[in-house]
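Thanks for coming. I have one structure to go through today, and I will take it piece by piece. Here it is.

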Amino acid sequence: MRRRVGWPDVGHGRTGAHKTAQHYAIAQAVEDPPSAWTADAYSLDFNGSDEYARGTITGGSPLQTFTTDATLMVWHKTPALGANDGLFCIHKGTSRRFQIHIDGNGTLRANCKTDSATITTNGSSGGYDDDDWHAFTLAFTGGNVERYIDGVHDINTALAGQFNDSGNEMTTVTLAAAANLGSKYTGGIATAAAWKTALTTADTLAIAAKPTVDLLDDASYDSANMAQHLIYWCRCGDGTEAASGTTYYDMSGVATVTDLTGTNLDDTNYQLEAPA
């Protein structure tokens, strides 16, 4: 049977050593379901075996030239089930990639491959497989990977090389699996988004504190005019699909969208009461 996912409990289920003041602030902000959350707030639940979603980036999409000034964010809810893998990846085959993944002990990492290097960041502290909702964000700027967990800055890692040198534009978006479709992800994914700019720490915290935020509204960000940089937004059931069907729509509003198609998924994969 499918797990019914509940209201997010961001920052809860962790040991006191990991709870910063910002984590407590975020937890307080989402303790009571906001009025914007309704009975039709959904996530997608993946079985870790043969279920994933994937879409082709077509010509003219800003995702093609997704490069070193960029941000990825994914809301996930991961149970303690052991080995897990890719959560959200924008890539060209396996030769170029920005990838968010989670290890078997609930450790979050970034895996990036350029023309000259493959970088896997040091893992976060473990424990993010606690069956609570967490926002994981990667911002690429100035040759560095800035990693945020629940809006709190976690690590900075240098990243060498180019992603989009001639002939190597990104071609694919993958959800709940790695670029090579290796081990599939077990758990819930509510939102995956990308911006063609590096979100600031304040922007990241603002979004993490309000998981129902409208990413197309500039008022949702700390910085001015950030919504115009949104180039991908999969809402996993709270978008055009309205929790039915196996096409997961890009709600970013860009002229050339990248919709995803589910593999071995059906309407039972939609789960109620998730941030979106």
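I will start at one pair of residues in a sheet. In strand β13, W233 is the bridge partner of A193. That bridge belongs to a wider pairing: β12, residues 186-195, runs antiparallel to β13, with 4 bridges between the two strands. Before going on, please keep in mind that this is a predicted model.

How many of the residues of β13 are buried? The count is 5 of the 5 residues, 230-234, so the strand is largely enclosed by the rest of the structure.

Next, a residue that touches this strand. S252 sits in the loop between β14 and β15, the latter being residues 260-263. Is S252 buried or exposed? Its relative accessibility is 5%, so S252 counts as buried, the cut-off being under 20%. Setting aside neighbours within four places in sequence, S252 is in contact with L216, L230, I231, Y232 and W233. W233 is the residue I opened with, the bridge partner of A193.

The side chain of S252 also has polar partners. With the side chain of D250 it makes a polar contact at 2.9 Å. The S252 side chain also reaches a backbone atom, the nitrogen of V254, at 3.4 Å.

Now the aromatic residues. How many aromatic pairs does a search of the whole structure find? The search gives 4. I will show two. In one of them, Y42 and Y270 meet edge-to-face, with 6.3 Å from centre to centre and 85° between the planes. This pair links distant parts of the chain: Y42 is in strand β1, residues 42-47, and Y270 is in strand β16, residues 270-272, which puts them 228 residues apart.

Both tyrosines are out of the way of solvent by the accessibility figures. Y42 has a relative accessible area of 17% and is buried. Y270, at 7% relative accessibility, counts as buried too.

Y270 has another ring beside it. The centres of the Y248 and Y270 rings are 6.1 Å apart and their planes are at 65°, so this pair is edge-to-face as well. Why is it called edge-to-face? Because the planes are at 65°, and the term applies to angles over 60 degrees. Y248 lies in strand β14, residues 247-248, and Y270 in β16, so the pair ties together parts that are 22 residues apart in sequence. For Y248 the relative accessibility is 0%, which counts as buried. Taken together, Y42, Y248 and Y270 form one aromatic cluster.

Last, the charged residues. The structure holds 2 salt bridges. One joins the side chains of R109 and D103, at 2.4 Å from N to O. The two ends have different labels: R109 is partly exposed at 24% relative accessibility, while D103 is buried at 18%. The cut-off for buried is under 20%, so these two residues fall on opposite sides of it.

The other salt bridge is between D154 and R147, whose closest N and O atoms are 2.4 Å apart. Which end of it is buried? R147 is, with a relative accessible area of 1%. D154, at 34%, counts as partly exposed. In this bridge the acidic residue D154 is the partly exposed end, whereas in the other one R109 is.

That is what I have; I can go back to any of these places on the screen.

Methods. Residues numbered from 1 in each chain as written. Predicted model: local features only at pLDDT ≥ 70, side-chain atom pairs only at ≥ 80, totals over all residues. Heavy atoms only, no water. Phe/Tyr/Trp six-rings, centres within 6.5 Å; stacked < 30°, edge-to-face > 60°. Buried < 20%, exposed > 50% of the residue type's maximum accessible area, 1.4 Å probe, protein only. Polar contact = N/O pair within 3.5 Å; in protein donor to acceptor, adjacent residues only side chain to side chain. Contact = heavy atoms within 4.5 Å. Salt bridge = Lys/Arg side-chain N within 4 Å of Asp/Glu carboxyl O. Pairing = 2+ DSSP bridges.
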